[in-house]
Every structure is written in structure tokens, then in C-alpha cells.
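User: I would like a close look at one part of this protein. Please take it step by step and keep the wording plain.
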Amino acid sequence: MTENYLTLLEESLRRKLQVMAEIQEYNLRQQKIFQSGDGDMDQFDEAIAEKGDLIDKLALLDSGFEKLYAQVAEQLKGNRSKYAAQIAVLKGLVAEVTETGVAIQAQEARNKKLIEDYFRREREGIREGRKSSKAAINYYKNMNKSSVVMPYFMDSKK
């Protein structure tokens, strides 16, 4: 029975690694979107939504793993040597999950910086556009007022 639980724990960790790999792929997509300079917001929104679903899957896998581990931990206390090979595999998978988690956090930090830079550039562009529009409107208003000027020199002998 314990072997079955250990196998389930191993499968859960392997699925978690697959989901984490998919998250890394979405992070790379997001990075490409903002490195290209265009910042296609539709693609970005799509990637965020899909990544949100993957994060939900990851949370579900985590909670299932924790519940299962709580059941198995009691049974393993006295028989660790009997299941040493499976425990070693699980430890290796946990280490891999941890490394992947750290890599994802690093990707997220880089993407956050790229996104902040993108929005800063966009805000500056909008600000410049406003300044240009305001200058054009002021010029237009001034030019309209100047065309109504009465002539100063007029022949009054007629």
C-alpha cells in the first residue's frame, strides 16, 4: 500500500514538473512579446490567461501532494530503509521542482522588468502625443485669431 502512495507522489511531482515547464514556455512567450518592441497586448493577455490556468493546476497538484504525503509520512517512519530507492527518487524530483521554481521566479522578475519598461515607454509616448496635440491646438487657435486683424493703413480719402 505504501508503495502505491509513493508511486502516486512520484507521478504528482512529475506532473508538477510538466506544468512548470509549460509555465516556463509561457514566460518565454511573454518575454518575446515585450522584447520585440510592439507589445501585442492581445497575445500578452492570452498568455496571462493560459498561464493562470496552469498556476491553478499547480496549486491543485501541490495540495494533493501535501495531503498524500501526510498520509504516507506516518507509514514511512519505521520503514524508511525498505523504501529507500523510491524515497531517493522523490528527493531528486523535489530538488528538480525547487530548481525549476527558482528558474520560473527569475523569469518572472525579468518579464516584470520588461513589462515595466514597455509601459514606461508607452506613457512617455502618450505624454509626448499630448504635448504635440496641445501645441497644434494652440497654434490653430492663434492662427484663427490673427486672421481677423483689422488693417492699420487704410485709405480714408474716398
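Which residues are linked in a network of salt bridges?

Analyst: The network of salt bridges links Lys 113, Asp 117, Arg 120 and Glu 124. Please keep in mind that the model is predicted.

Start with one pair from that network. Asp 117 and Arg 120 form a salt bridge in which the closest N and O atoms are 3.6 Å apart. The cut-off for a salt bridge is a nitrogen within 4 Å of a carboxyl oxygen, and 3.6 Å meets it. Both Asp 117 and Arg 120 lie in helix 3, three residues apart, so about one helical turn separates them. How buried or exposed are the two partners? Asp 117 has a relative accessibility of 18% and counts as buried, because the limit for that word is under 20%. Arg 120, at 36%, is partly exposed.

To place this pair, here is the protein around it. The protein has three helices and zero strands, and its elements run α-α-α from the N terminus on. Its chain has 158 residues, of which 26% count as buried. The accessible surface is about 11700 Å², with 55% of that area belonging to carbon and sulfur atoms. Among contacts with a separation of 6 or more, 83% are between residues 24 or more positions apart.

Over the whole structure, a search finds ten salt bridges. Asp 117 and Arg 120 sit within one helix, but other salt bridges join two helices. One of them is between the side chains of Glu 108 and Lys 51, with 2.7 Å from N to O. Glu 108 belongs to helix 3 (residues 84-146) and Lys 51 to helix 2, so this salt bridge ties together parts that are 57 residues apart in sequence. Lys 51 is buried, with a relative accessible area of 5%, while Glu 108 is partly exposed at 30%.

A further salt bridge joins the side chains of Lys 16 and Asp 62, at 2.3 Å from N to O. Lys 16 is in helix 1 (residues 2-35) and Asp 62 is in helix 2 (residues 41-76), so parts 46 residues apart in sequence are tied together. Lys 16 counts as buried at 15% relative accessibility, and Asp 62 is partly exposed at 26%.

Now consider how helix 1 and helix 2 lie against each other. Their axes come within 9 Å and cross at roughly 160°. An angle over 145 degrees counts as roughly antiparallel, and helix 1 and helix 2 are therefore roughly antiparallel to each other. Helix 1 passes helix 2 in a left-handed crossing.

Ser 12 is another residue of helix 1. Leaving aside residues up to four places away in sequence, Ser 12 touches Leu 61 and Phe 65. At 10% relative accessibility, Ser 12 counts as buried.

Back to your question. The network consists of Lys 113, Asp 117, Arg 120 and Glu 124. The pair examined from it, Asp 117 and Arg 120, lies inside helix 3, whereas the salt bridge of Glu 108 and Lys 51 ties helix 3 to helix 2, and that of Lys 16 and Asp 62 ties helix 1 to helix 2.

Key. Residues numbered from 1 in each chain as written. Predicted model: local features only at pLDDT ≥ 70, side-chain atom pairs only at ≥ 80, totals over all residues. Heavy atoms only, no water. Helix = DSSP H or I, 4+ residues; strand = E, 2+ residues; numbered from the N terminus. Buried < 20%, exposed > 50% of the residue type's maximum accessible area, 1.4 Å probe, protein only. Contact = heavy atoms within 4.5 Å. Areas by Shrake-Rupley, 256 points an atom, 1.4 Å probe, with all protein chains shown as cover. Axes fitted to C-alpha atoms, helices over the stretch in contact; angles between N-to-C directions. Parallel < 35°, antiparallel > 145°, perpendicular 65-115°, else oblique. Left-handed = near helix turned anticlockwise from the far one by under 90°.
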